[in-house]
Amino acid sequence: MIKRVSTGMAAALVAALAAPMPLAAQDADRAWPPAGVSYHGDPGAPDISGLWLGTTMGVPGGPIASNTGKTADGRPPSFLSPWPLPYTPEFKKMSDERAAAAKAGKQIGDTGSKCLPFGIPFLMLSEAYPNEVVQTPGQVSIFFFTAFPVIVWTDGRGHPADLKPSYNGHSIGHWVGDTLYVDTVGLRGDTPLETHFDPHSDKFHFQWTMRRVGDGVMHVHFTLFDGVAFTEPVESTNIWHRKTDYRWAMLDDQSCFENAAGVSTNAKAPEEGFMKF
């Protein structure tokens, strides 16, 4: 015999089934933010979120290496040290060939000329436009103009054992006081170092720190390890300034393909440009 259920009882049953489970009954991994982690990434971590602009790369005693010949907000450039770069003979030859080609009007090693990503370390070393730092539980994300974001995992994970090389690699970080220490591995060997388009190998290892040293000022220090290309580590410090004027955030979107009129489409020599399909 089927018992009838009153309309009121039915409504109460539906509401009970639809109600979310108490937080304590849910998987702990679903809690937001995760236990022991603040909305800014880690307990006690300083807030480095916001819009920041660093400086472009220069050559000691020479001009700033950028399309405009100057840093976007007029500040002096940053430099790599030691300079000249401590290349091994094989990579010194590659660097010299690129420098000679550039003087002859042909740029070698510029992935951007083929609408390919610049990747790390170029994005970090050569700050032509503002970037936005966003802090969320367990990660710090850096969004660059017309580029893939760099995600720094601060949730305690390590680097994957089967990491496939990519343009931005894999970054993990941790806070020591007010400084974020970042370790980046798994980088491709065909990306340029900086705006001089100097080469590096696929054994390249990138370590960097981010520390807010004042109101609206952050020091980003880089150490470049490459046992194949360098005879010793290379270092640089880029000073980022926080930009609060809305005009810095009003950057036009763009596509490399919209500005590739001078790029070859010779299908017989695809290495010189794009192939037509």
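In this predicted model, strand β6, formed by residues 179-185, pairs with strand β7, formed by residues 205-214. The two strands are antiparallel and are joined over six bridges. Within this pairing, threonine 179 faces arginine 211 of β7.

The loop between β6 and β7 contains threonine 191. Is this residue buried or exposed? Threonine 191 has a relative accessibility of 2%, and because buried means under 20%, it counts as buried. Its side chain makes a polar contact, at 2.8 Å, with the side chain of histidine 200. When neighbours within four places in sequence are left aside, the residues in contact with threonine 191 include Thr111, Phe118, Ile120 and Pro121, as well as Tyr167, Asp198 and His200. Histidine 200 therefore appears both in this list of contacts and as the partner in the polar contact, while threonine 191 itself is buried at 2% relative accessibility.

The pair of β6 and β7 belongs to a wider arrangement. Nine strands close into a barrel, in the order β1-β2-β3-β4-β5-β6-β7-β8-β9, and their pairing is mixed. From one strand to the next, the twist averages 30°.

The barrel may now be followed from strand β1, which comprises residues 50-53. Gly50 and Trp52 point one way from this strand, whereas Leu51 and Leu53 point the other way; all of them are buried. Strand β1 runs antiparallel to β9 (residues 234-242), and two bridges join them. Here tryptophan 52 stands opposite arginine 242 of β9. Strand β1 is also antiparallel to β2, to which three bridges join it. In that pairing, leucine 51 is opposite glutamate 132 of β2.

Glutamate 132 leads onward to the next strand, since it also stands opposite phenylalanine 143 in β3. Strand β2 (residues 131-136) and β3 pair in the antiparallel sense over five bridges. These two strands form a hairpin with two residues between them, and in this hairpin glycine 138 takes a positive phi near 85°.

Why is strand β3 described as largely enclosed by the rest of the structure? The strand consists of five residues, 139-143, and four of the five are buried, so the rest of the structure largely encloses it. Strand β3 is in turn joined by four bridges to β4 (residues 150-153), and these strands run antiparallel. Within β4, isoleucine 151 is the bridge partner of serine 141.

How values were computed:
Residues are numbered from 1 along each chain as its sequence is written. This is a predicted model: local features need pLDDT of at least 70, side-chain atom pairs count only at pLDDT 80 or more; totals for chains, interfaces and linings use all residues. Side-chain values use heavy atoms; hydrogens and water are left out. Buried means under 20% relative accessible area, exposed over 50%, partly exposed in between (1.4 Å probe, protein chains only). Two strands pair if DSSP finds at least two bridges between them. Axes are lines fitted to C-alpha atoms, for helices over the stretch in contact, and angles run from 0 to 180 degrees between N-to-C directions. A polar contact is a pair of N or O atoms within 3.5 Å; within protein, one must be able to donate a hydrogen and the other to accept it, and residues adjacent in sequence count only if both atoms are side-chain atoms. Contact means heavy atoms within 4.5 Å.
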